[in-house]
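Here is a short set of exercises to work through with the model open beside you. Try each task yourself before reading its solution.

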Amino acid sequence: MKVFGYVLFVLFVLALQVFFLDRMWSGIFISIYLSIVLLVDIKWPVWAMLLLGFIVGGIVDIASTGCGLNAAVTVCLTFVRLPLIKLTLPTLVVENAGPIFTTDVPLKNFFLYLSLAFAIWSIPFFILESGFTSPLAVLIRIVVNTLIGPVIVFLLQLFIRH
Amino acid sequence: MPEDFFDKMKELLLFLKKISVVVLFLVLEGISFYFFFTKDTYMLSKYVLISKEITVPFDRFVATFSSYVSLVEKNSALADCNARLISENMELKRLLADSVKAESKLDLPVVCAAKVLKNEYRYENNFITIDRGELDGVSCGMSVIDENGVVGFVSNTSSSFSVVVSVFNKDGFLTSAKLAGTSNTGSLFWDGKTTGILQLSEMPSHIDINVGDTVLTTSYSNIFPENIPVGRIKDFKISEGTFYSAEVETFTDVHKLNYVYVLEVKNKYERDSLESAAKQEGGILK
């Protein structure tokens with residue numbers, strides 16, 4: 001039942017990303033599909049997380065003709081996810097292991113974790129995507145994604161955690 | 001096998017296990033960055049193709065939905081556009097009327113163009129109200145036509161409006177008419193039955209009459225100028241032995257009357273006076 005629910009969540013988030021968020025603002029990219037890898041149970045092994053990041057990023061690449069950039073940066077994020085969790089979340093939460101929802105994680109830590117994760121993802125993504133040109137536009141996109149992304153993921157987890 | 005070899009193999013396996021995650025990470029990154037940095041056109045076209053396969057049905061749905069939602073807005077814009085065109089058309093018709101007045105090919109003495117304000121066609125005696133009156137030069141007895149043919153004649157006027165007796169007025173309308181290309185005339189009137197069909201009676205039976213022949217006004221009338229189109233013969237029969245009785249389908253569609261032109265008959269007053277004086281005197285030379 002948990003697996004079925006998670007698959008549904010993945011499909012929902014991917015649809016939301018590909019069919020709505022990719023089309024809503026030209027030039028601004030809110031990568032809410034990162035919630036698929038960021039909210040996952042802490043006890044998932046790293047290799048599984050790497051594969052999940054690769055697949056999810058690859059799907060978004062195919063849907064948005066991203067040519068592998070989403071996959072590359074998302075794999076990178078999944079690789080550093082565990083150290084990031086240990087750095088930002090309370091030890092007790094890490095030891096208990098489970099999905100990262102605000103029911104278990106204090107709000108402040110939750111947003112710190114998400115903001116750092118989005119920043120880690122956004123910086124290489126937007127720099128590589130722009131081809132090292134127009135630094136101001138890149139900076140704006142990084143800031144917007146880092147600020148708005150965690151809020152949307154927060155709302156999403158409120159919606160799906162039950 | 002020496003025991004030392006197994007120990008080394010065990011260590012190697014442990015090491016590989018330890019770095020397997022890093023290896024997997026590097027492999028996945030390698031694949032992703034390969035696609036990103038090579039960006040060869042063949043691969044890109046494949047990407048686009050797959051991407052379109054996924055997103056096109058959704059895009060089509062969104063486009064259909066958006067166009068449906070924006071129908072109200074488009075409808076409103078079309079209505080505005082229509083109103084503007086109607087206004088322009090009115091102005092052009094007025095200009096055309098002035099132009100016709102100035103140099104008409106038919107030499108029609110157009111007094112003015114007028115908009116139809118009220119148009120009856122359901123009764124036995126129908127009238128039309130137009131937005132031009134005495135101030136515009138309209139007076140009783142003037143004929144009224146549209147671009148297709150005869151509409152009626154002015155019966156009452158005020159300073160700004162006039163009432164027109166429609167050709168579909170059973171008791172009020174009677175004039176003479178002829179077939180195009182002939183000089184034989186008959187009486188044209190409406191029997192009060194079918195809107196759009198006038199009756200042409202007293203046409204001599206020796207003339208050649210066919211369905212589709214054009215009916216025109218004659219010079220006998222002191223209301224309508226000669227040769228104004230009335231309609232086409234729809235049906236005919238011989239009545240009273242020596243006369244044709246025919247149904248005339250009018251060119252003017254009374255249901256779609258919007259603008260009409262008021263015509264002046266030259267020297268009407270002089271002709272009316274002369275004819276009435278002759279009648280009073282009974283035609284006896286004194």
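**Exercise 1. In which helix of chain A is the place of Ile59(A)?**

Before starting, note that this is a predicted model, in which local features need pLDDT of at least 70, side-chain atom pairs count only at pLDDT 80 or more, and totals for chains, interfaces and linings use all residues. Residues are numbered from 1 along each chain as its sequence is written, chains are lettered from A and ligands numbered from 1 in the order in which they are written, and side-chain values use heavy atoms, with hydrogens and water left out.

Solution.
- Step 1: Ile59(A) sits in helix 3 of chain A, residues 46–64. Helices (H or I, at least four residues) and strands (E, at least two) are DSSP runs, numbered from the N terminus.
- Step 2: For the wider setting, chain A has 7 helices and 0 strands, and its pattern along the sequence is α-α-α-α-α-α-α.
- Step 3: With a relative accessible area of 36%, Ile59(A) is partly exposed. Buried means under 20% relative accessible area, exposed means over 50%, and partly exposed lies in between (1.4 Å probe, protein chains only).
- Step 4: By that scale, buried residues account for 50% of the 162 residues in chain A.
- Step 5: Now find Leu14(A), which is 45 residues from Ile59(A) in sequence and 8.2 Å away in space, C-alpha to C-alpha.

**Exercise 2. Find the salt bridge of Glu129(A) and say which helices it ties together.**

Solution.
- Step 1: Recall that side chains of opposite charge can pair when their charged atoms come close. The criterion here is a side-chain nitrogen of Lys or Arg within 4 Å of a carboxyl oxygen of Asp or Glu.
- Step 2: The partner of Glu129(A) is Arg141(A), with 3.2 Å between the closest N and O atoms.
- Step 3: Glu129(A) belongs to helix 6 (residues 107–130) of chain A and Arg141(A) to helix 7 (residues 135–160) of chain A, so the pair ties together parts that are 12 residues apart in sequence.
- Step 4: Glu129(A) is partly exposed, at 38% relative accessible area.

**Exercise 3. How many salt bridges are found over all chains?**

Solution.
- Step 1: A search of the whole structure gives 7 salt bridges.
- Step 2: One of them joins the side chains of Lys118(B) and Glu120(B) at 3.6 Å, N to O. Lys118(B) is partly exposed at 48% relative accessibility, whereas Glu120(B) is buried at 17%.
- Step 3: Another links Asp253(B) to Lys256(B), whose closest N and O atoms are 3.9 Å apart. Here Asp253(B) is partly exposed at 31%, while Lys256(B) is exposed at 66%.

**Exercise 4. Trace the barrel in chain B and describe the surroundings of strand 5.**

Solution.
- Step 1: Follow the strand order 1-2-5-4-3-12 in chain B, which gives a closed barrel of 6 strands with antiparallel pairing. On average, neighbouring strands of this sheet are turned by 45° against each other, direction ignored. The axes are lines fitted to C-alpha atoms, and angles run from 0 to 180 degrees between N-to-C directions.
- Step 2: Strand 2 (residues 125–130) of chain B runs antiparallel to strand 5 of chain B, joined by 5 bridges. Two strands pair if DSSP finds at least two bridges between them. Opposite Phe127(B) stands Val165(B) in strand 5 of chain B.
- Step 3: Strand 4 of chain B also pairs with strand 5 of chain B in the antiparallel sense, over 5 bridges; these two form a hairpin with 4 residues between them. Val154(B) faces Val164(B) in strand 5 of chain B.
- Step 4: Strand 5 (residues 162–169) of chain B is largely enclosed by the rest of the structure, because 7 of its 8 residues are buried.
- Step 5: Strand 3 (residues 143–145) and strand 4 (residues 150–157) of chain B pair in the antiparallel sense over 3 bridges, with Gly152(B) in strand 4 as the bridge partner of Val144(B).

**Exercise 5. Which backbone nitrogens does the side chain of Ser221(B) reach?**

Solution.
- Step 1: Look in the loop between strand 9 (214–217) and strand 10 (229–239) of chain B, where Ser221(B) lies.
- Step 2: Its side chain reaches the backbone nitrogen of Ile223(B) at 3.0 Å and that of Phe224(B) at 3.0 Å.
- Step 3: Ser221(B) counts as buried, at 9% relative accessibility.

Definitions and conventions: A polar contact is a pair of N or O atoms within 3.5 Å; within protein, one must be able to donate a hydrogen and the other to accept it, and residues adjacent in sequence count only if both atoms are side-chain atoms.
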